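Student: I'm new to this one. Could you take me through a close look at a single part of it, namely the buried spots and what they touch?

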Amino acid sequence: MSLPPINLSFSEKIAERQYILKTRTQNWKLTVCVGLPVQDVETVLGLDWRCPIQVIFQNERIYDYACGVDSFQALELAMNYCVTKWVNEIAQRFNAHVELFDEFAI
């Protein structure tokens, strides 16, 4: 059985966090947004939930998602995935450290 690809569309924004990536010579703003969970992921057993993620850094917008068996799990996974995947990956790409609320975060 072939399932359709998972939708990458971004729903209504429900949360946003801004990080500052810092090196010795530069600072960049990194914004992470989480969208409203939607039940649109086809599985063999029915529909699972998808929580859309949008990462904004410099002129780049990255769309991603986290899936769960219910909206709570999808939201929980999206909140963690934003940081563990995207914030860390972009910081490492620029050899930068991450600040949140004017404090060292990652």
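Tutor: Sure! Contact here means heavy atoms within 4.5 Å. Keep in mind that this is a predicted model. With that in hand, start at Val55: leaving out residues up to four places away in sequence, Val55 touches Leu30, Thr31, Glu60, Arg61, Ile62, Trp86 and Ile90. Val55 also belongs to the largest nonpolar core, which has 22 residues, and is among those that touch the most other members, along with Tyr19, Leu21, Leu30 and Ile90. At least two residues of this core come from each of β1 (13-22), β2 (27-35), β4 (46-57), β5, α1 (71-93) and β6 (97-100). The largest share, seven residues, is supplied by α1.

Now look at Gln54, which sits in strand β4. Gln54 counts as buried because its relative accessibility is 8%, and the cut-off for buried is under 20%. Its side chain makes a polar contact with the side chain of Tyr63, at 2.8 Å. Not counting residues up to four places away in sequence, Gln54 touches Phe10, Thr31, Val32, Cys33, Arg61, Ile62 and Tyr63.

Last stop: Asp64, found in strand β5 (residues 60-68). Asp64 is buried yet has no salt bridge, and the nearest side chain of opposite charge, Lys85, is 6.1 Å away. What the side chain of Asp64 does have is a polar contact with the side chain of Trp86, at 2.9 Å. Setting aside neighbours within four places in sequence, Asp64 is in contact with Leu8, Cys51, Pro52, Ile53, Tyr81 and Trp86. You've met Trp86 already, in the list for Val55.

Notes:
Residues are numbered from 1 along each chain as its sequence is written. This is a predicted model: local features need pLDDT of at least 70, side-chain atom pairs count only at pLDDT 80 or more; totals for chains, interfaces and linings use all residues. Side-chain values use heavy atoms; hydrogens and water are left out. Helices (H or I, at least four residues) and strands (E, at least two) are DSSP runs, numbered from the N terminus. Buried means under 20% relative accessible area, exposed over 50%, partly exposed in between (1.4 Å probe, protein chains only). Lys and Arg count as positive and Asp and Glu as negative; His and the chain ends are not counted. A salt bridge is a side-chain nitrogen of Lys or Arg within 4 Å of a carboxyl oxygen of Asp or Glu. A polar contact is a pair of N or O atoms within 3.5 Å; within protein, one must be able to donate a hydrogen and the other to accept it, and residues adjacent in sequence count only if both atoms are side-chain atoms. A nonpolar core is a set of buried Ala, Val, Leu, Ile, Met, Phe, Trp, Tyr and Cys residues joined through side-chain atoms within 4.5 Å.
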